[in-house]
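Q: Could you take me through one part of this structure slowly, the metal site, and then show me what surrounds it in the rest of the chain? I am a first-year student, so I would like each step of the reasoning spelled out.

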Amino acid sequence: MGMSYRQYLQGARIYGCSSCKTHLATIHSMISRAFNGQHGRAYLFDTVVNVVEGEPSDRQMTTGNHTVRDIYCVKCGTTLGWKYDRAYEPTQRYKEGKYILERNLLTDVQ
Ligand SMILES: [Zn+2]
């Protein structure tokens, strides 16, 4: 993935990549648990670190059309979820610039 520098988070609860334990996000940046990913339940986060963003693509979801980028773990390359670049429905605009992480691909780390 070309980038080896990794950021370490501090906080009461830290979510990491389930394959390599790289820190990804804290409970404090979680916005919602009520999302669905490609593999089941997913969480919406305000801030995520240690991910690489892919190319933007348009995706039709139950909440309308969105421009998203897949996000990959900077260490092991696992696809962890996606980032919302743009939401076309006005009611979904709050998701722009935010990140989805798949619950099944996360683990608690300290
Ligand atoms: Zn990883």
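A: What follows begins at the metal site and then moves outward through the chain.

Please keep in mind from the start that this is a predicted model. The zinc ion is held by four sulfur atoms, the SG atoms of C17, C20, C73 and C76, which coordinate the zinc ion at 2.3 Å. Along the chain these donors follow the spacing C-x2-C-x52-C-x2-C, a pattern in which each C-x2-C part has two residues between its cysteines and 52 residues lie between the two parts. The angles that the four donor atoms subtend around the zinc ion run from 101 to 118°, and because four donors count as tetrahedral when all angles lie between 85 and 135 degrees, the arrangement is tetrahedral. For comparison, the ideal angle for four tetrahedral donors at a metal is 109.5 degrees.

It is also worth asking how these cysteines sit with respect to the surface. C17 has 0% relative accessibility, and since buried means under 20%, C17 counts as buried. C73, likewise at 0% relative accessibility, counts as buried, and C20 is buried with a relative accessible area of 17%. A reader who sees cysteines might also look for disulfides, each of which is a covalent bond between the sulfur atoms of two cysteines. When a disulfide is taken as a pair of cysteine sulfur atoms within 2.5 Å, the count comes to zero.

From C73 we can step to N50, a residue found in the loop between β4 and β5. Leaving aside its neighbours within four places in sequence, N50 is in contact with C73, and also with Y5, R6, Q7, T22, H23, L24, Y72 and V74. N50 counts as buried, at 9% relative accessibility. A polar atom of the N50 side chain lies 2.8 Å from the backbone nitrogen of Q7, and the C-alpha atoms of N50 and Y8, although these residues are 42 residues apart in sequence, are 8.9 Å apart in space.

One of the contacts of N50, L24, leads us into the largest nonpolar core, which has 17 residues, and in which L24, F45, V48, L80, L101 and L106 touch the most other members. The elements that give two or more residues to this core are β1 (14–17), β2 (23–26), β4 (40–45), β6 (64–73) and β8 (99–102). Another core, of eight residues, lies apart from it and includes M61, V68, W82 and Y84. Returning to V48, we find that, with neighbours within four places in sequence left aside, V48 is in contact with L24, A25, Y99 and L101.

Two members of the eight-residue core, V68 and W82, are touched by R59, as are Q38, G64, N65, H66 and D70, not counting residues up to four places away in sequence. R59 lies in strand β5 (residues 51–61), and a polar contact of 3.1 Å joins its side chain to that of D70. The C-alpha atoms of R59 and S18, residues 41 places apart along the chain, are separated by 26 Å.

Finally, H66 is also touched by Q92, together with T63 and A87, again not counting residues up to four places away in sequence. Q92 lies in the loop between β7 (79–87) and β8, is buried with a relative accessible area of 13%, and makes a side-chain polar contact of 3.3 Å with the side chain of T91.

Terms used:
Residues numbered from 1 in each chain as written. Predicted model: local features only at pLDDT ≥ 70, side-chain atom pairs only at ≥ 80, totals over all residues. Heavy atoms only, no water. Donors = N, O, S within 2.8 Å, 3.2 Å for Na, K, Ca; no water. Tetrahedral: all angles 85-135°; square planar, octahedral: opposite > 155°, others 65-115°. Buried < 20%, exposed > 50% of the residue type's maximum accessible area, 1.4 Å probe, protein only. Helix = DSSP H or I, 4+ residues; strand = E, 2+ residues; numbered from the N terminus. Contact = heavy atoms within 4.5 Å. Polar contact = N/O pair within 3.5 Å; in protein donor to acceptor, adjacent residues only side chain to side chain. Core = buried A, V, L, I, M, F, W, Y, C linked by side-chain atoms within 4.5 Å.
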